[in-house]
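Colleague: I am new to this structure and should be grateful for guidance on how to read it. May we take the features one at a time?

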Amino acid sequence: MDTYSREALQADYNAFDISKELGFLLPEPLTNLPDYYRVWLDLANNLTHLIESHKLRDMVHKMPVLSPDLLSNHQELRLAHLALGFISMGYVWEEGQYAPAEILPKALALPYWQVSHKLGLPPILTYADSVLANWKLKDPAGGMEIENMDLIFSFPGGESCKGFFIVSLLVEMAASSGIMGALEVMHAMKISDLIGIRKGLGKITQSLKKMTETMSLMHNHVDPTAFHGTLRIFVSGWRDNPMLPKGLLYEGVSNEPVLLSGGSAAQSSAIQCFDALLCIQHEDETGAYLTRMRDYMPPAHRQLIETLLDNPSLRDFILTCSSSDLWQDYNSCVSALVDLRNYHLNTVTKYIIVPGNKARGMGCPLRGVGNMLNTTGTGGSNLMGFLKSVRSTTLKALISERLSVARQTEM
């Protein structure tokens, strides 16, 4: 890589808030805020106990309304958003699927709304919160292996809750080299550097394979019954959710209920970056849903997706080249993304569809999700239909040799 490319890549890291080693993860998240905000951290740090003892709502009702003005930097704002997000989810879903709170009290709603506005994020627990910014090392001198990692805040669900969020984080971390590859391809295309494009595509392919391999850790660290019956409701939102069909009223902020989606893998900036670079164009309801999910990403990450979308089409560029190596590299990349989506679909079947069918057959537990979200994602999507649609569209992006030759003949 030449000096210009290194400088350009570093500028991109800064502009799009990316870490070379961690990708879109928030580097070194804070675990403490100024003493003024102690009540937020006290509740968030004791959330599981307060939910299980049915005391959280009472504690929230005693909270003072705090101003976010003493939060002095991005890291503090992210921790505040994380804490308020966990408390809000706990407050809404403490009594399970049959008694969700329909109003978020002002002491939560107002500062949460204000912090969210400062960050450019919605006032709900997002994937960027619970996965990208909710981690710490047990031994600060140790590495980022699952045995040395812990959550800052947690929901009921014990080790399965921890495993779900940490494995998701490690999958995102595995995407970091692929994000670098995407930036390299973007710059190489500007000067028609075929070798640079091939190198970047190779990085993305290896990154996608590592993401799929890392996702397999879910089976060792997350119990399907605990995930479906205990944890899942706490990451559910209030849009397209039959448990809160009208949405949630934010007291002191709005006079009408607000509709917001819960955190989901559809909010992964990394996956949407790969789609954008590889020109995988999801259409109709699936495309509209994925576009809406960008509103739940940090603005700098969202901007990278939009920048990749605004660039000339990589797929069209490859179709007009005479290099068979180039389209084979592109196809390897697309195939690796198909494999990742296949693996994710099978994992969803194991952790949501199968336990959901069992729960429906046995009668729904009072405190769990029961069967209300059996076919709906926490983000509000039609779950299996959505996952099959994105996989099918990804498959269609593969370039056949015949298509490549035909496009070159037209030139």
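Colleague: Which elements do the buried residues of H14 pack against?

Modeller: This is a predicted model. In it, the buried residues of H14 pack against H13 and helix H18 (383-396).

Colleague: Which residues of helix H14 are the buried ones?

Modeller: A general idea helps here. An α-helix has 3.6 residues a turn, so residues three or four places apart point the same way. In helix H14 (residues 284-293), the buried residues are Thr 286, Gly 287, Tyr 289, Leu 290, Arg 292 and Met 293.

Colleague: Helix H13 was named as a packing partner. Where is Asp 275 placed, and is Asp 275 buried or exposed?

Modeller: Asp 275 belongs to helix H13, which covers residues 269-277. Its relative accessible area is 6%, and a residue counts as buried under 20%, so Asp 275 is buried.

Colleague: With which residues is Asp 275 in contact, leaving aside its neighbours within four places in sequence?

Modeller: Asp 275 is in contact with Ile 280, His 282, Leu 337 and Arg 341 once those neighbours are set aside.

Colleague: I should next like to understand backbone angles. How is a positive phi to be read?

Modeller: Most residues other than glycine have a negative phi. Asp 284 is not a glycine, yet its phi is positive, at about 55°. This residue lies in helix H14. Its relative accessibility is 69%, so Asp 284 counts as exposed.

Colleague: What is the phi of Ser 192, and where is Ser 192 found?

Modeller: Ser 192, a residue other than glycine, has a positive phi near 50°. The loop between helix H9 (176-190) and helix H10 (194-215) holds Ser 192. With 46% relative accessibility, Ser 192 counts as partly exposed.

Colleague: Let us turn to aromatic rings. How many aromatic pairs does a search of the whole structure find?

Modeller: The search finds 11 aromatic pairs. One of them joins Phe 227 and Tyr 351, whose ring centres are 6.1 Å apart. The angle between their planes is 90°, and planes over 60 degrees apart count as edge-to-face, so this pair is edge-to-face.

Colleague: Which parts of the sequence does this pair tie together?

Modeller: Phe 227 lies in helix H12 (residues 224-231) and Tyr 351 in helix H17 (residues 324-362), so the pair links parts that are 124 residues apart in sequence. Phe 227 is buried, at 7% relative accessible area, and Tyr 351 is also buried, at 4%.

Colleague: Which residues form one aromatic cluster?

Modeller: Phe 227 and Tyr 351 form one aromatic cluster together with Phe 86, Phe 153, Phe 155, Phe 164, Phe 165 and Phe 234.

Colleague: May we finish with the protein as a whole? What does its secondary structure come to, and what is its radius of gyration?

Modeller: There are 19 helices and four strands. The radius of gyration is 22 Å, which agrees with the value near 22 Å that a compact globule of 411 residues would have. The C-alpha trace spans about 70 × 50 × 45 Å along its principal axes.

Colleague: What share of the residues is buried, and what share of the contacts with a separation of 6 or more comes from residues 24 or more positions apart?

Modeller: Buried residues make up 57% of the 411 residues. Residues 24 or more positions apart account for 79% of those contacts.

Conventions: Residues are numbered from 1 along each chain as its sequence is written. This is a predicted model: local features need pLDDT of at least 70, side-chain atom pairs count only at pLDDT 80 or more; totals for chains, interfaces and linings use all residues. Side-chain values use heavy atoms; hydrogens and water are left out. Helices (H or I, at least four residues) and strands (E, at least two) are DSSP runs, numbered from the N terminus. The radius of gyration is taken over C-alpha atoms; the globule rule is 2.2 Å times the number of residues to the power 0.38. Buried means under 20% relative accessible area, exposed over 50%, partly exposed in between (1.4 Å probe, protein chains only). Contact means heavy atoms within 4.5 Å. Rings of Phe, Tyr and Trp (its six-membered ring) pair if their centres lie within 6.5 Å; planes under 30 degrees apart count as stacked, over 60 as edge-to-face and the rest as tilted.
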